[in-house]
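Colleague: I would like to learn how to read a structure like this one feature by feature. Could you walk me through it?

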Amino acid sequence: MKFCKTYQEYMQNQQQQNLPRLGFKKLKKIMKTCRQDCHSQNTIHAIKCPVCDGMFFPSLFNEMSDVLGCFNQRAQKLLELHLASGFRKYLFWLKGKLHGEHTALVQDGRDLVAYALINAIAIRKILKKYDKIHYSKQGQLFKSQVQTMHKEILQSPWLIELMALYLNLRESNLNSMKAPALFDGCSLTFHDGKPSLTCELFGSIKIDIDFTCSICLDTVFDPFSLTCGHIFCYSCACSAASASIVDGLKAADPKEKCPLCREEGVYEDAVRLEELNILLAQSCHEYWKQRLQTERAERVKQAKEHWELQCRSFMGV
């Protein structure tokens, strides 16, 4: 079965969810028009295509943005529900959102990851088709530009969080249910003692995310994902942003850059990966215990220095 038909059938089954989708057929129709125009003029649009530039890429970009926005919003709500505690959890219970919590969370997380990945495959295939028709690399260039603008769904920190959520629930003793088939290839693996999240889905796409902090070169502790997509320990990210642990990443100067890609303004909207933090704490118990003691000592030291500075400033010393 061709992927276009697979995609259409999948989205048809998701109609009740009211999820935005790629106009797969529409985009292929634009390229078909371009191909006919190209043959009629006996030319090859190797660099820029007058037919596609004004229709194909703008349309695809808008649809990608809608898909990403929907995915991020729904993933955040799902994770918020799972991590709720105290009075907030009681409110969710009153609203009936926690009925059958474990089973519902696994299913909802499974559906969201499937939605993200099938759209990632669709985008990859349509851009590959574009380059094949035009004998160009404009499709790959567009993909690189989209990644720079953080519109690539595989860059979303919420995708990592959902996969970590699944692994956390799978390991829990809340229910002995069998793991959904979608996640048979999803696991936390270790290479030379360093963890990475591996997930191969739909037989077409593989995710392999290394959880080694590029600053301290250890497993990320209290991980944060910057808006550029790179993941660091919280304390390492604060150090790179020239911000104290007490003030946090939101206090970082907008001109501070990511240590890896050198992009500016990546700290203010950084996301704490709470599910990943739980997963790594359970999987790297001894390391976590040692690192926790070190981090606590450093945070107490910085907090003490911070308040001493505040007191001196207040007293005019």
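Modeller: Gladly! Let us start with a term we will need throughout: a residue is buried under 20% relative accessible area, exposed over 50%, and partly exposed in between. Please keep in mind that this is a predicted model. As a case, Lys194 has a relative accessible area of 26%, so Lys194 is partly exposed.

Colleague: And what share of the residues of the protein chain counts as buried?

Modeller: Of its 317 residues, 44% are buried. The secondary structure is made up of 10 helices and six strands. Among contacts with a separation of 6 or more, 63% join residues that are 24 or more positions apart.

Colleague: Back to Lys194, then. With which residue does the side chain of Lys194 meet in a salt bridge?

Modeller: The general idea first: side chains of opposite charge can pair when their charged atoms come close. The cut-off here is a nitrogen of Lys or Arg within 4 Å of a carboxyl oxygen of Asp or Glu. Lys194 pairs with Asp218, at 3.4 Å from N to O. This pair joins distant parts of the chain, 24 residues apart: Lys194 belongs to strand S2 (residues 194-201), while Asp218 sits in the loop between strand S3 (205-210) and strand S4 (223-225). Asp218 has 32% relative accessibility, so Asp218 is partly exposed too.

Colleague: How many salt bridges does the structure hold?

Modeller: There are eight. Another one brings together the side chains of Asp222 and Arg299, with 3.1 Å from N to O. Here the partners are 77 residues apart, with Asp222 in the loop between S3 and S4 and Arg299 in helix H10 (residues 285-315).

Colleague: Are Asp222 and Arg299 buried or partly exposed?

Modeller: One of each. Asp222 has a relative accessible area of 9%, so it is buried. Arg299, at 27%, is partly exposed.

Colleague: Which other salt bridge does Arg299 form?

Modeller: Arg299 also pairs with Glu295, their closest N and O atoms lying 3.8 Å apart. Both residues belong to H10, with their positions four residues apart, or about one turn of the helix. Glu295 has 7% relative accessibility and is therefore buried. You can then follow the links further, since a network of salt bridges connects Asp222, Arg272, Glu274, Arg291, Glu295 and Arg299.

Colleague: Now the helices. How do I read the packing of helix H3 against helix H9?

Modeller: Look at the angle and the distance between the axes. H3 (residues 56-83) and H9 (residues 274-283) pack at about 50°, with axes 11 Å apart. Angles of 65 to 115 degrees would be roughly perpendicular and those under 35 roughly parallel; H3 and H9 are therefore oblique to each other. On the H3 side, Leu79, His82 and Leu83 make the contact, and on the H9 side Glu274, Glu275 and Ile278 do. By type, these residues divide into three nonpolar, one polar and two charged.

Colleague: What is the strand order in the open sheet of three strands?

Modeller: The order is S5-S4-S6, and the pairing is antiparallel. Strand S5 (231-233) and strand S6 (271-272) are at the edges with a single partner strand each, so each has one side without a neighbour in the sheet. Between S4 and S6 there are two bridges, and Ser225 has Val271 in S6 as its bridge partner.

Colleague: What about the loop between S4 and S5? Which residue has its place there?

Modeller: Leu226 does. With a relative accessible area of 2%, Leu226 is buried. Beyond its neighbours within four places in sequence, Leu226 contacts Phe232, Cys258, Val266, Tyr267 and Ala270. Leu226 and Glu268, 42 residues apart in sequence, have their C-alpha atoms 8.3 Å apart.

Colleague: One last feature: where does Asp192, with its positive phi, lie?

Modeller: Asp192 is in the loop between strand S1 (186-191) and S2. Its phi is near 55°, a positive value in a residue other than glycine. Asp192 is exposed, at 81% relative accessibility. Ser242 also has a phi near 55°; Ser242 lies in the loop between helix H8 (234-240) and S6, and at 61% relative accessibility Ser242 is exposed.

Definitions and conventions
Residues are numbered from 1 along each chain as its sequence is written. This is a predicted model: local features need pLDDT of at least 70, side-chain atom pairs count only at pLDDT 80 or more; totals for chains, interfaces and linings use all residues. Side-chain values use heavy atoms; hydrogens and water are left out. Axes are lines fitted to C-alpha atoms, for helices over the stretch in contact, and angles run from 0 to 180 degrees between N-to-C directions. Angles under 35 degrees count as roughly parallel, over 145 as roughly antiparallel, 65 to 115 as roughly perpendicular and the rest as oblique. Contact means heavy atoms within 4.5 Å. Ala, Val, Leu, Ile, Met, Phe, Trp, Tyr, Cys and Pro count as nonpolar, Asp, Glu, Lys and Arg as charged, and the others, Gly among them, as polar. Buried means under 20% relative accessible area, exposed over 50%, partly exposed in between (1.4 Å probe, protein chains only). Two strands pair if DSSP finds at least two bridges between them.
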